[in-house]
Amino acid sequence: MPVLLKRFIYSNLKNYTLYKFPALIGRGNIQQEKIMSEVRLRFPPSPTGYLHIGGARTAIYNWLYVKKHNGRLILRIEDTDVERSTKESIDGIIDGLNWLGITWDEGPYFQSDYIQEHIAAAHTLISTGHAYKCFCTKEVLDVKREAAVAAKATYQYDRSCLHLTPEEITLKEAQNIPHVIRFKVPEGDGSVVFEDKVYGHIEKSYKDIEDFVIIRSNGTPLYLLSNVVDDIRDRITHVIRGQDGLGNTPRQILIYEALGAPVPVFAHMSLTLDPQKRKISKRSHGEVVTVQFYKENGFLPWALVNFLVLLGWSPASDQEIFTPEELIDIYSLEGMNKANSIFNYTKDDPKFITDPKALSINAHYLRTMPIADLIPLVKEELIAADLWDTAYAGEKKEWFGNTVDLIRSRFHILKDFSGPGRAYFSDTYEMDPKPVKKNLEKFEHIREWLGLLAERFEHLADFSREETERATRELADELDIKAGILINGTRTVVTGQAAGAGLFDVLMAIGKDRLVARLKKFSAES
RNA sequence: GUCCCCAUCGUCUAGCCAGGUCCAGGACACCGGCCUUUCACGCCGGCGACACGAGUUCAAAUCUCGUUGGGGACGCCA
């Protein structure tokens, strides 16, 4: 996608000058100081078309840190893999973040806009003696590597091109022999040392790091370099990323140092694995690992955030449910767990569509949040299920609120309002076979009985909770059957469900007309 | 193969850095009870873990070493 088009789409022009020419900022000392001390983090997803829950977790921690420290969050799309980088796949990520409520202060920036800058940095490294051109072909190197692997030996690039004379280099270039640019790792017994905010003291010997490639033979930069150059330009002060980045860090620190740039604070977070301790991926686990799945299945965005933040982090207390403000206030890198955590998902479990804890947190919010906050979400769900009636926001507003409140304690996800809760909002609903068998088919005369009950209800002068109950029990006495038979039978017919709120509350929510009609219809069937 | 990281109930975790108050606390899940002529919520209770082995110490989940197990990095992927 052309650069200008992208900028147009994301209306990001106002930031362009600033990040492109950071030297323009802060001519005044005070401003300079303020900018230098500003906490700046970034979330750099590569466009995959969807936001992965692992990525979301990373974004959440970055966002929390920023909010806590009055910093700025930069969204940077690492779109150098051109094939995957369509507008749709970028939007998938952005939609996910928006839905979760993860906000950013700058961007999205696009890594692909800075390729020339990355290349320029590589040439700077050559001129300062921190990098060199390597003319070894991939084929030759592959042979060497395979030989080393076969001999069970450690393979590292043998630096055959490190000591090429300027004449040799000129000659090879004149012959059009393609070359890569390799970073020259310092020699000697030294090591790269840094203090990770989560993992603590990390040390890696120079001799265990090979001279890694930073520019491909086709002239394009590699991630390790691009990422650092972008972070320097974006003046990133803290890098919070997955533990899989821990191995990259020493090499990246070498680049920072060679470029004479300040090294940011690193905080690596544990990974989220599946119950088999495999990395979770959409490919092997399907939709459950995408944020989109939770949106489509009626999760409350904040409940997902609340669940995700607990996967690898905990406050010093036993608190597990947080408002955004509480979480921002209490969040600290100190609470990050070093051990990987498991996303406890069982495929094809009808009872748990995702990690049970995620469900329980969602259910908790569903039944405890202010009803006024829940109503718009239920409305959305009903609209999606084609069950919304504009009267619910008008003359039936009170009824709607009461009904939502009545049925929510049994629900786990918003979808339940249109699923098990459908009978409250529609006259067409499924009959759950289990209660049909248990509460209806078991009784030979149930149609007759419920027909009689329908008539009692119909002629009730006062259709109230008390009167419907009285009428029901009275009829049960007359028929010499247990009231429970009429109660459970009625619930089954009227809601299609085995479970529900107290029947007479249910009847008030369904209303006299619908109640009588449903019972009579059932009674007339045979 | 080399290097790095990690290790508490089934799962998420507290405790570990500053050893005793921990025969290890909370949450989810599961089981039982109360409530309810349904089910859920709620409440009460139960089940359930310091990977293993040495060492240091009067004392170790906590400190040290080793073993085992797991994860990650070693690409002209990001």
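At 48% relative accessibility, Asn-402 counts as partly exposed, and this residue sits in helix H17, which covers residues 397-407. Keep in mind that everything here comes from a predicted model. Below you'll find the RNA surface, the largest pocket, the cysteines and a couple of backbone oddities.

**Around Asn-402**
- Ile-371 is 31 residues from Asn-402 in sequence, and the C-alpha atoms of the two are 8.9 Å apart in space.
- With a relative accessible area of 48%, Asn-402 falls between buried and exposed, so the label is "partly exposed".

**Where the protein meets RNA strand B**
- RNA strand B is surrounded by 62 residues, and the closest are Arg-216, Gly-312, Glu-320, Lys-351 and Arg-410.
- Sort the residues of this surface by class and you get 18 nonpolar, 21 polar and 23 charged.
- Looking from the RNA side, 72% of the strand B atoms within 4 Å of the protein belong to sugar or phosphate, and the rest belong to bases.
- Arg-216 puts an N or O atom of its side chain 2.3 Å from a phosphate oxygen of RNA strand B.
- Bases get backbone partners too: a backbone N or O atom of Cys-136 lies 3.3 Å from a base nitrogen of RNA strand B, while for Ala-483 a backbone N or O atom is 3.0 Å from a base oxygen of that strand.
- Two or more residues of the surface near RNA strand B come from each of these elements: helix H7 (138-150), strand S7 (200-205), strand S12 (341-342), helix H15 (356-368) and helix H22 (483-495).

**The largest pocket**
- The volume of the largest pocket is about 1200 Å³.
- Its lining takes in 42 residues, and those nearest the centre are Pro-44, Pro-45, Ser-46, Gly-55 and Asp-244.
- Strand S1 (40-43), helix H4 (53-68), helix H9 (223-233) and strand S9 (238-242) are the elements that give two or more residues to this lining.
- H4 supplies the largest share of the lining, at four residues.
- Class by class, the lining of the largest pocket holds 15 nonpolar, 18 polar and nine charged residues.

**Cysteines**
- If you're wondering about disulfides, the count comes to zero.
- Cys-134 has Cys-136 as the closest cysteine by sulfur, but the two sulfurs are 3.8 Å apart, which is too far for a bond.
- For Cys-136 the closest cysteine sulfur belongs to Cys-161, and at 3.5 Å that is also too far for a bond, because a disulfide needs the sulfurs within 2.5 Å.
- Cys-134 is buried, with 0% relative accessibility.
- Cys-136 is buried as well, at a relative accessible area of 17%; that figure is for the protein chains only, so RNA strand B isn't part of the calculation.

**Positive phi outside glycine**
- Asn-176 isn't a glycine, yet its phi is positive, at about 60 degrees.
- You'll find Asn-176 in the loop between helix H8 (166-174) and strand S5 (180-183), where the residue is exposed, with a relative accessible area of 66%.
- Lys-277 is another residue other than glycine with a positive phi, near 60 degrees.
- Lys-277 belongs to the loop between strand S11 (272-273) and helix H11 (282-285), and its relative accessible area of 56% makes it exposed.

Key. Residues are numbered from 1 along each chain as its sequence is written. Chains are lettered from A and ligands numbered from 1 in the order in which they are written. This is a predicted model: local features need pLDDT of at least 70, side-chain atom pairs count only at pLDDT 80 or more; totals for chains, interfaces and linings use all residues. Side-chain values use heavy atoms; hydrogens and water are left out. On a 1 Å grid over the protein atoms alone, a cavity is a set of points where a 1.4 Å probe fits but cannot get out, and a pocket is an open set with protein on both sides within 12 Å along at least five of seven lines; lining residues have an atom within 4 Å of a point. Grid points are joined across faces, edges and corners, and a volume is the space filled by probe spheres set on the points. Ala, Val, Leu, Ile, Met, Phe, Trp, Tyr, Cys and Pro count as nonpolar, Asp, Glu, Lys and Arg as charged, and the others, Gly among them, as polar. A residue is near a molecule or strand if one of its heavy atoms lies within 4 Å of it. A polar contact is a pair of N or O atoms within 3.5 Å; within protein, one must be able to donate a hydrogen and the other to accept it, and residues adjacent in sequence count only if both atoms are side-chain atoms. Buried means under 20% relative accessible area, exposed over 50%, partly exposed in between (1.4 Å probe, protein chains only).
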